[in-house]
Every structure is written in C-alpha cells, then in structure tokens.
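New to this one? Have a look at the structure below before reading on.

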Amino acid sequence: MTPPPPTPRRPHPQRLGLTGSIGAGKSTAAALLRARGLTVLDADEQARLVTAEPETLAELEAAFPGVVRGGALDRAALAARVFGDAAQLARLNAITHPRVRARMAALEAEAAARGEAWVVQDVPLLFEGGLDKSMDAVLLIDAPLETRVARVMARSGLSREDVLARDARQMPADEKRRRATLTLDNGGDLAALEAQLGAALRELGLAPT
C-alpha cells in the first residue's frame with residue numbers, strides 16, 4: 001500500500017494579528033500574550049531598531065533634512081514633518097516599512113525553526129496598512145473613546161485635541177471591530193482583560209479549553 005504523501009509544511013507559523021486604536025491597551029495585551037508563552041513580534045520595536053541603523057538614518061536625513069541630530073533620529077522632529085501630510089508620510093513609509101517587514105519576516109522564520117505553530121504580530125496600523133489580509137486571525141483590543149483619550153493624556157502629556165486628532169487619523173473603531181476575528185473590550189481592569197484574552201485564545205485553539 002502506497003503511503004499518503006506528507007502534508008506540506010507551512011512556510012511560516014500561523015499569524016495572529018494584534019492591533020488596537022490609540023490608548024486601547026494593545027501593549028498590555030501583548031505583555032499578557034508573552035506571559036502565556038507566545039512569541040510576540042512588535043512592529044514598533046522593529047521600527048525603532050530600523051531607524052537606528054546608519055543606512056536608514058542617512059536616507060531619512062536625505063528625505064527630511066534636520067531630523068537626524070548627533071547621529072540619532074529626532075523622532076519628534078520627524079513626526080512634526082509627516083503628521084497630517086499624506087505625501088510626506090508615504091515617503092517615510094517607503095523608507096522604513098520594507099526594512100521593518102524584513103525584520104519581522106526574519107523573526108518569524110526563527111519562530112518557525114523552533115517549531116512554533118503560531119506567532120503574534122503586534123502592529124498598531126494593521127488594518128490601515130492592509131496587513132490583516134496576511135493574518136490567520138486578528139485580535140482587536142478596544143475601549144471607549146473617553147477611556148482611551150484619558151489614558152493617552154495621562155501617559156504622554158498630549159492635549160485632548162492632540163489625542164483626538166491622532167485617533168481620527170486611524171480607521172474608525174467600528175470598522176476595526178467589523179474586520180477583526182475577535183474583539184476584547186478593555187474598558188475595565190487588568191483582570192477583566194486577562195479573562196477575555198484567555199477565552200479568545202481558547203476559541204482560536206491557542207490555549208487549553
């Protein structure tokens with residue numbers, strides 16, 4: 001009897017996209033996922049590493065003169081240059097995004113080599129960048145607008161108007177909920193978020209039932 005052909009290996013682990021609007025508590029959820037033993041690939045962290053590389057810094061300085069000072073990126077100056085300017089933001093993304101994606105892919109390959117079945121991709125603008133299409137499931141962290149505004153004001157010193165302006169440049173929360181596989185409501189305390197997270201992972205088959 002001829003044995004069945006081997007099941008082809010996936011080229012990468014299954015991907016759980018993690019995202020959320022500003023102030024929703026995505027970083028807290030990412031920490032809880034790490035505590036449960038899942039590998040979390042943080043796009044923001046990789047972006048910070050990318051923008052510390054000399055080659056990237058040279059391209060950024062050429063595109064946005066004055067944003068590199070003392071051999072380091074002045075993030076506030078860069079943000080001021082691109083915030084609210086779609087063309088300048090696209091120019092920035094063209095420099096940084098391919099490098100970030102390459103770093104994320106390399107880390108994912110390492111997880112695959114370790115035999116991990118799933119990795120979490122923590123991406124703030126997952127839907128806005130169209131990256132949800134490459135995920136096997138998407139977990140959205142959300143919270144009421146006023147709760148999110150208060151959190152960001154408390155941690156960053158931004159004004160209410162600044163926070164609302166940043167929120168308005170993201171995809172509306174209702175649309176994110178529509179597109180997400182599962183949504184966690186983080187308007188309460190940490191215990192409530194952790195309970196919801198456990199239930200979500202069980203539903204996705206990532207935790208014991």
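What follows is a short tour of the sheet, two helix pairs and a salt bridge.

## The sheet

Keep in mind that you're looking at a predicted model. A good place to start is the open sheet of 5 strands, which runs in the order β2-β5-β1-β6-β7 with parallel pairing. At the edges you'll find β2 (40-42) and β7 (182-185); each has a single partner strand, so one side of each is left without a neighbour in the sheet. Going from one strand to the next, the twist averages 25 degrees.

Now zoom in on β2. Its pairing with β5 (residues 118-122) is parallel and takes in 3 bridges. If you want a spot to click on, try L41, whose bridge partner in β5 is Q121.

## A helix over two strands

Helix α2 (residues 43-50) lies across both β2 and β5. Against β2, helix α2 runs at about 45 degrees.

Helix α2 also meets helix α5 (residues 86-113): their axes come within 9 Å and cross at roughly 120 degrees. That angle makes α2 oblique to α5, and the crossing is right-handed. On the α2 side, the residues involved are A43, Q46, A47, L49 and V50, while α5 brings T96, R99, V100, R103, M104 and L107. Sort the residues of this contact by class and you get 7 nonpolar, 2 polar and 2 charged.

## Another helix pair

Next up are helix α6 (residues 145-156) and helix α7 (residues 160-168). Their axes come within 9 Å, with a crossing of roughly 120 degrees, which makes α6 oblique to α7. The crossing of α6 with α7 is right-handed.

Which residues of α6 and α7 make the contact? From α6 come L145, E146, R148, V149, V152 and M153, and from α7 come R160, V163, L164 and D167. By class, the contact of α6 with α7 holds 6 nonpolar and 4 charged residues, with no polar ones.

## Salt bridges

How many salt bridges turn up in a search of the whole structure? The count is 15.

One to look at joins the side chains of D122 and K26, with 2.6 Å from N to O. D122 sits in strand β5 and K26 in helix α1 (residues 26-35), so this pair ties together parts that are 96 residues apart in sequence. That brings the tour back to β5, the strand that pairs with β2 and has α2 lying across it.

Key:
Residues numbered from 1 in each chain as written. Predicted model: local features only at pLDDT ≥ 70, side-chain atom pairs only at ≥ 80, totals over all residues. Heavy atoms only, no water. Pairing = 2+ DSSP bridges. Helix = DSSP H or I, 4+ residues; strand = E, 2+ residues; numbered from the N terminus. Axes fitted to C-alpha atoms, helices over the stretch in contact; angles between N-to-C directions. Contact = heavy atoms within 4.5 Å. Parallel < 35°, antiparallel > 145°, perpendicular 65-115°, else oblique. Left-handed = near helix turned anticlockwise from the far one by under 90°. Nonpolar A, V, L, I, M, F, W, Y, C, P; charged D, E, K, R; others polar. Salt bridge = Lys/Arg side-chain N within 4 Å of Asp/Glu carboxyl O.
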